[in-house]
There are 2 protein chains.
Amino acid sequence: MKALITTVPFGDRNRQPLDALKHAGVEYLINPLGKKLKAPELADMVSDFDVIIAGTEPITDEVMAKGSNLKMISRVGIGLDSVDLMAAERRGITVSYTPDAPAPAVAELTIGLMISLLRSVQVSNLHMHHRRWHRYFGRRIATSTIGIIGTGRIGKGVIRHLSGFNCQRILVNDLHTKHDLGNNPVLEWCDKETIYKQADIITLHVPLTAKTKNMVRREHLELMSSHAILINTARGGIINEQDLFDMLNRGHLGGASIDVFQDEPYTGPLCDVDRCLLTAHMGSMSEDCRTRMEIEATDEAIRFLKNEPLQGVVPEDEYAVQREGL
Amino acid sequence: MKALITTVPFGDRNRQPLDALKHAGVEYLINPLGKKLKAPELADMVSDFDVIIAGTEPITDEVMAKGSNLKMISRVGIGLDSVDLMAAERRGITVSYTPDAPAPAVAELTIGLMISLLRSVQVSNLHMHHRRWHRYFGRRIATSTIGIIGTGRIGKGVIRHLSGFNCQRILVNDLHTKHDLGNNPVLEWCDKETIYKQADIITLHVPLTAKTKNMVRREHLELMSSHAILINTARGGIINEQDLFDMLNRGHLGGASIDVFQDEPYTGPLCDVDRCLLTAHMGSMSEDCRTRMEIEATDEAIRFLKNEPLQGVVPEDEYAVQREGL
């Protein structure tokens, strides 16, 4: 039994998942390219393996076609935009994921990015490292209207963290359902257009699907106020990167914080915009959450190989999203 | 009646304080050097003025000696380390300040700096702007032991903001009094040495006094764990900058965030340390807090000149700190 671990780093801070594989008698290979694989690279690698313990690299129908032994995909994380669920279903490949584990890390990071952007921390830090001193004005969370698009596990976490900041107004929207957000008098459900127009801070916590691809593009960025800040710790492709660059470049928006990109590693033009705070897909990269994700995904793969009941099988509604283009 | 405004920027986002001076018939001059003044520069400037609406530049006995008309110092902010209160008392110069106004901005910024440091946001951002992609591991507030030295207005604000993060353990210390911090089961009063040894995050919210000058130096930095992070949004001089540089340079500490410096503008060796997050004394620089500070300090100066009751006179215990070297 052989497992291909494509996501990197893996087992770096905590060897428990690797030890578990060894203990279960599973041979494993960790992605030898050390970076996010493209579909052809993965297709060249996959032939021998029973299981992929997967990151966010594209697991397309073509990839699966090359994996003649492939019986299971165990995603380290929550997003399923990278996995062709229809193809997996057709081919009888089981798909599991770890939807709860990354949320605490992403939600905390989002608050830090908000404050950094509101106060131009990243701009001041870049300049200070070039020995340029300038005291930037900023704004506060407490006096800002906050817009949260996506109120699942991560959006809820953001709202919880904001509870200690005396926020006056949090606008919320979700694609599908009005999640139960408790009895919080500062929350207002509204449509996305209202959020684009009225929020000082907009943070995205939706999955990448046919419906959210390119969800925030030129026409939406133009609705935002000139000082608004935009945060994407969800998935690359939800914001149109070229449109965002054009807008920032011509002076619109107070700033943006982008952790996820259409192509990773990212080396595009946003790298030249000082008030664009950039991080390398690090949302889930707290030691505790990353370790939990790796352990959960590995244990699930081992359960599958041992024919034990699974705990993280992707539910039908995730298939419906891809089947029906929701 | 003439007022010298030394702190810059001033009236930049909101002209209300300048309009108030004009309306009250007060002539004013805004610091023409556009940067924090040194004592001799201020001494050369001060001769004509009745009032200084002051930043953090040194208002020494020598400066006051040159201000033959000087009757009042109205500090825009809270710290009084820059004002020789003994000399002011001797010369019959009234000193007022705005101790409440900066706190909300400093407390919010502190949370943002914590998360940035815990997640290496500033390091990733520096690298991404050089098109270098690396996914850094980080830690979370929720799983960290937090140490807060100084539990006055700002330290209390930090504790309030942390209430939404599900912290397990917050160690607190104050120089003088055990402030009433409510009934919060995660708070533990302890001595500073315990904080240095046990906290993963240490943030300073004490004034600069004879007692806190050089309070955190080599021997204290050595007590901290190798991954600990240290934040100073209080005053330059509380942490020994050379010792901090030496420690960071030899790989000790996870990182540091320094907003305040012994000499400002700062251009010292910390500028070369990537994991030292640097900002340009921006703690109080949110538009709302800065405006409130400027309005309060200006209104106080006008009340003084009109011989109306003052609202922000520096209390006796601040004099005692300087008189008794507390």
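**Asn166(B) and Asn307(B)**

I began with Asn166(B), which is exposed at a relative accessible area of 57%. This is a predicted model, so I read the backbone angles as computed values. Asn166(B) shows a positive phi of about 55 degrees although it isn't a glycine. I placed Asn166(B) in the loop that runs between α7 (153-162) and β7 (169-173) of chain B.

Next I pulled up Asn307(B), also not a glycine and with a positive phi of about 65 degrees. Asn307(B) belongs to the loop between α11 and α12 of chain B. Buried or exposed? I checked Asn307(B) for that. With a relative accessible area of 72%, Asn307(B) is exposed, since the cut-off is over 50%.

**Gly312(B)**

I stayed in chain B and went to Gly312(B), in the loop between α11 (287-305) and α12 (316-324). Gly312(B) comes out at 11% relative accessibility, so I logged this glycine as buried, the limit being under 20%. Which residues is Gly312(B) in contact with, leaving aside neighbours within four places in sequence? I found Val95(B), Ser96(B), Tyr97(B) and Glu300(B). I also took the C-alpha to C-alpha distance from Gly312(B) to Ala20(B): 17 Å, for a separation of 292 residues in sequence.

**Cis peptide bonds**

I looked at the bond from Val8(A) to Pro9(A) and found it cis, with omega near -5 degrees. Pro9(A) sits in the loop between β1 (2-5) and α1 (16-23) of chain A. In chain B, the bond from Val8(B) to Pro9(B) is cis as well, with omega near -10 degrees. Pro9(B) has its place in the loop between β1 (2-5) and α1 (16-23) of that chain.

**Helix α1(A)**

From Pro9(A) I moved on to α1(A), where I noted Pro17(A), Leu18(A) and Leu21(A) as buried. They span an arc of only 100 degrees around the axis, so they're on the same side of α1(A). What do the buried residues of α1(A) pack against? I got β1, β2 (27-30), β3 (51-54) and α11 (287-305) of chain A. On the face turned away from the buried side I found the exposed residues Lys22(A) and His23(A). Just after α1(A), Gly25(A) has a positive phi of about 75 degrees.

**The two chains together**

I superposed chain A on chain B: a rotation of 180 degrees with 0.0 Å of shift along its axis does it, at RMSD 0.0 Å. That's the relation of a two-fold axis. I then asked which residue of chain A comes closest to the rotation axis. It's Gly112(A), at 2.2 Å by C-alpha.

I compared the interface residues too: 100% of those in chain A are also interface residues in chain B, so the copies meet through the same surface. Each side's share of the contact is 67 residues from chain A and 67 residues from chain B. I got a buried area of about 5,700 Å² between the chains, with 59% of it from carbon and sulfur atoms. Trp133(A), Arg135(A) and Phe137(A) provide 15% of what chain A buries against chain B, more than any other three residues.

Last, the polar side of the interface. I counted 6 salt bridges between chain A and chain B. I also looked up the salt bridge that joins the side chains of Asp272(A) and Arg131(B), at 3.0 Å from N to O. For polar contacts across the interface, I have 37 residue pairs, both residues at pLDDT 80 or more. α5 (103-118), α6 (121-128), α7 (153-162), β12 (276-278) and α11 of chain A each supply at least two residues to the side that touches chain B. α5(A) gives the most to that side, with 9 residues.

Key: Residues numbered from 1 in each chain as written. Chains lettered and ligands numbered in written order. Predicted model: local features only at pLDDT ≥ 70, side-chain atom pairs only at ≥ 80, totals over all residues. Heavy atoms only, no water. Helix = DSSP H or I, 4+ residues; strand = E, 2+ residues; numbered from the N terminus. Buried < 20%, exposed > 50% of the residue type's maximum accessible area, 1.4 Å probe, protein only. Contact = heavy atoms within 4.5 Å. Arc of directions from axis to C-beta. Least-squares fit on C-alpha atoms with pLDDT ≥ 70 in both. Buried area = accessible area lost by both parts, 1.4 Å probe. Salt bridge = Lys/Arg side-chain N within 4 Å of Asp/Glu carboxyl O. Polar contact = N/O pair within 3.5 Å; in protein donor to acceptor, adjacent residues only side chain to side chain.
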